[in-house]
Amino acid sequence: MKKEKKMKLSLPEVELMNSGHMACQGCGATLAMRFALKALGQKVALCIPACCWSVIDGPFPYSSLDVPIFHCAFETAAVSASGVKAGLEMVGDKETTVVAWAGDGGTFDIGIQALSGVAERNDDIIYICYDNEAYMNTGIQRSSATPYGAWTTTTPVKHFKNRPKKDMEAIMAAHRIPYIATASIGYPEDLVKKVKKAKEIKGTKFLHIFAPCPPGWKSQPEDTIKLARMAVQNAIFPLYEIEWGEKYTLNIKLKEKKPINDYLKIQGRFRHLTKKEIVFIQEEVDKKWERLLLCVNGSK
Amino acid sequence: MKKVIMGNHALSYGAKLGRAQVIAAYPITPQTQVVELLSEMCADKSLDAMFIKVESEHSAMAACLGASLAGARTFTATSAQGLALMHELLHWASGGRLPVVMGNINRAMAPGWSIWSDQNDSLSQRDTGWMQFYCSSNQEVLDTVIQAFKVSEKLLIPSMVILDAFTLSHTYEVVDIPDQKKVDEYLPPFNPSIKLTPEEPHAFGGLTSPEHYFELRYKLQKEMEKAPALIEKTGKEYEKMFGRYLGLVEKHRCDDADLILITSGAMGSTARIAVDELRKEGIKAGNLRIKVFRPFPFEIIRNAVKGAKKIAVVDRNISYGHHGMFFEEVKSALYGYSDGLPVFGFITGLGGRDITPSTFKEITQYTLERDKPKEEIIWIGVKL
């Protein structure tokens, strides 16, 4: 009798996200959740503040996820998770991983105070920010995660965003928490590995997942994965880890850093940029990349 | 066991005897001693609770909501600006049907900065769906915290236990601290039928269409309407076990009174002294202290004032452009039931200005000299 061959999968088979959710076509945030839940498994509780995911999950009384969700106030994702964790522990559940799952607005802007408090206390939660670089749920308004040069409805072409994206990793590193990682929906194996790693660490873990948004970026739904991979390869969104605010590890090394041009070109939100502005953005990306390499090399 | 303790510590002992499991709080004058003592209790393990030392009141309430949803008994305490900062989450607590119990020390709102007593902080939150208990002694503060856990958890509606800044919060009184075993008998552990757990995944508080939202709010009000009877019932049970009744109002010489002074909070004890002195002068005064402001005890107030010739409501608060808030509520309770009984609305003691027996005598004199109020608001003690 022939021995049955089992296909080897690079990602966990478990699916805790179901069809019927309410995301747009090509939504990066949806993939982020699907991959993260594959890593987290069933024994998890989510705290989701106002963000795309408070809609994507589905309206009452439906939910597209097979895990419990506390839909919490916009600025409270991190501390709601701390409260849930404490509550579960006091009723005898010490196993469940509690995850705050927030967008960039809820993390970089309105939720940063509560997040800072949680990180300073090193409360035992995983904080995951899926970053689509603007307030997409309210209809594409700029956040402090919006990159330099981007159009949004509150940074119109005549007055596009003229400040760089906030360096959230550096802010979190300053709190000296055990684990910080960037991840991308374009690199699912790396993403799953990082979420699994975070699950095993006690204390505050911060994960920042890059998640393209076709309606907000004015890109094609079929380009979502491509954009996510390009952003890693041109060092706009490098993939790395920081342990205890000190030890930097680069996960995807770049032999040759790709120019940012091709990445900007396929997104309508950058269409207005002149050559001069693109050169400036490239210079800024290069400088940030060099700074990151210094941190990585300094950690060795 | 009897102890001489401050009102703030009465809150702490109430939370301890109630076996609060998760406490999250942020310091603000005049509340600090509440959380200081609770920190000690958690540190020396005399209270088996997790204390989350948050970075703001907003986060304090958020943490309590998360813990409550997970099925833990939660407690916090705050005052004035802190309560105002929590405002959004007060709606979240009642809308989410999470029975958090919170102590609030009545303090005037800034600006100018004030740490002294008035009721505008808590009364500004009257429409957030919380039950509100205004206490008049440290003993009542401790007892009410225990009762509030019981009532809140039965109805799944949060409670605010309120005491005056300094006149109660920092004043030492003799307080009987009940036996833990007996309190455990009175107050069973919190065990909600639905909670946040991976064993039975639910999504709480998600997007709710017009098809469902209305009924959720209807149900909240319907449960709130059960509260007056439940407060009286649990108050009687408490009396049976601990010898002290915890009701909706407290009456002092109201039954044969011509003039009833209606008060709330610590000024109730001052009003009682004034009433006794007025009685000696031959004036048939009485004091009705409203303890529970939400839900508003319509029925009991209508009955309590039957037979009176005049009512004077004394407010240590104001709804700008309107009246004192207890005055508004009393009038609305009596409308159509009191056959033209004159109700006078007085405002006094804002920002911690002292309220003394002579304040009540002035109020009484004003009321006796007039058939009905000539002004929308009668101000007592304004120095211009």
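Is Glu237(B) buried or partly exposed? In this predicted model, Glu237(B) counts as partly exposed, because its relative accessibility is 26% and the partly exposed class lies between under 20% and over 50%. The sections below place this residue in its helix and then turn to the domains of chain B, its charged pairs, another helix, and the contact with chain A.

## A pair within one helix

Glu237(B) takes part in a salt bridge with Lys233(B), and the closest N and O atoms of the two residues are 3.4 Å apart. Both residues belong to helix α8 of chain B, where they are 4 residues apart, about one turn of the helix. The general geometry is as follows: an α-helix has 3.6 residues a turn, so residues three or four places apart point the same way. Side chains of opposite charge can pair when their charged atoms come close.

## Two domains of chain B

The domain assignment divides chain B into domain 1 (2-242) and domain 2 (249-379). The C-alpha centres of these two domains of chain B are 28 Å apart. Where they meet, 28 residues of domain 1 of chain B contact 25 residues of domain 2 of chain B. Together the two domains of chain B bury about 2,100 Å² between them, and 52% of this is on carbon and sulfur atoms.

Polar and charged groups also take part in this meeting. Between domain 1 and domain 2 of chain B there are 16 residue pairs in polar contact, counting pairs with both residues at pLDDT 80 or more. On the domain 1 side of chain B, the elements giving two or more residues are α5 (120-123), β6 (131-134), α6 (138-155) and α8 (213-242). The largest share of that side, 5 residues, comes from α8(B), the helix that also holds Lys233(B) and Glu237(B). The count of salt bridges between the two domains of chain B is 5.

## Salt bridges

Over all chains, the count comes to 37 salt bridges. The table lists several of them.

| Residue pair | Closest N and O atoms |
|---|---|
| Arg73(B) and Glu153(B) | 2.7 Å |
| Arg289(B) and Glu140(B) | 2.8 Å |
| Arg289(B) and Glu250(B) | 2.8 Å |
| Lys233(B) and Glu237(B) | 3.4 Å |
| Glu199(B) and Lys43(A) | 3.0 Å |

Arg289(B) forms salt bridges with Glu140(B) and with Glu250(B). The pair of Arg289(B) and Glu250(B) links distant parts of the chain: Arg289(B) lies in strand β12 (residues 285-290) of chain B and Glu250(B) in strand β10 (residues 249-252) of chain B, 39 residues apart. Arg289(B) is buried, with a relative accessible area of 3%, whereas Glu250(B) is partly exposed at 31% relative accessibility. Through shared partners, salt bridges join Glu140(B), Glu250(B), Arg272(B), Arg289(B) and Lys291(B) into one network.

A further pair in chain B is the salt bridge of Arg73(B) with Glu153(B). Arg73(B) lies in the loop between α3 and β4 of chain B and Glu153(B) in helix α6 of chain B, so this pair ties together parts that are 80 residues apart in sequence. Arg73(B) is buried, at 4% relative accessible area, and Glu153(B) also counts as buried, at 14%.

## Helix α2 of chain B

Does the length of helix α2 (residues 32-43) of chain B agree or disagree with its number of residues? At 1.5 Å a residue, its 12 residues should span 16 Å, and the end C-alpha atoms are 16 Å apart, so the two values agree. The buried residues of α2(B) include Val34(B), Val35(B), Leu37(B), Leu38(B) and Met41(B). Among the elements of chain B that cover these buried residues are β1 (2-6), α1 (7-17) and β5 (101-106). After α2(B) comes Lys45(B), whose phi is positive, near 65 degrees.

## The contact with chain A

In the contact between the chains, 37 residues of chain B meet 38 residues of chain A. The area buried between them is about 2,900 Å², and carbon and sulfur atoms give 69% of it. In chain B, Leu196(B), Pro198(B) and Leu207(B) lose the most area to chain A, together 21% of what that side buries.

Across this interface of chain B and chain A there is 1 salt bridge, and the side chains of Glu199(B) and Lys43(A) meet in a salt bridge. There are also 11 residue pairs in polar contact between chain B and chain A, with both residues at pLDDT 80 or more. Elements of chain B that each supply at least two residues to this side include α3 (57-69) and α4 (80-95). The largest share, 8 residues, comes from α3(B).

Key: Residues are numbered from 1 along each chain as its sequence is written. Chains are lettered from A and ligands numbered from 1 in the order in which they are written. This is a predicted model: local features need pLDDT of at least 70, side-chain atom pairs count only at pLDDT 80 or more; totals for chains, interfaces and linings use all residues. Side-chain values use heavy atoms; hydrogens and water are left out. The expected span of a helix is 1.5 Å times one less than its number of residues. Buried means under 20% relative accessible area, exposed over 50%, partly exposed in between (1.4 Å probe, protein chains only). Contact means heavy atoms within 4.5 Å. Domain bounds come from an automatic or database domain assignment. Buried area is the accessible area (1.4 Å probe) that two parts lose on being put together, summed over both. A salt bridge is a side-chain nitrogen of Lys or Arg within 4 Å of a carboxyl oxygen of Asp or Glu. A polar contact is a pair of N or O atoms within 3.5 Å; within protein, one must be able to donate a hydrogen and the other to accept it, and residues adjacent in sequence count only if both atoms are side-chain atoms.
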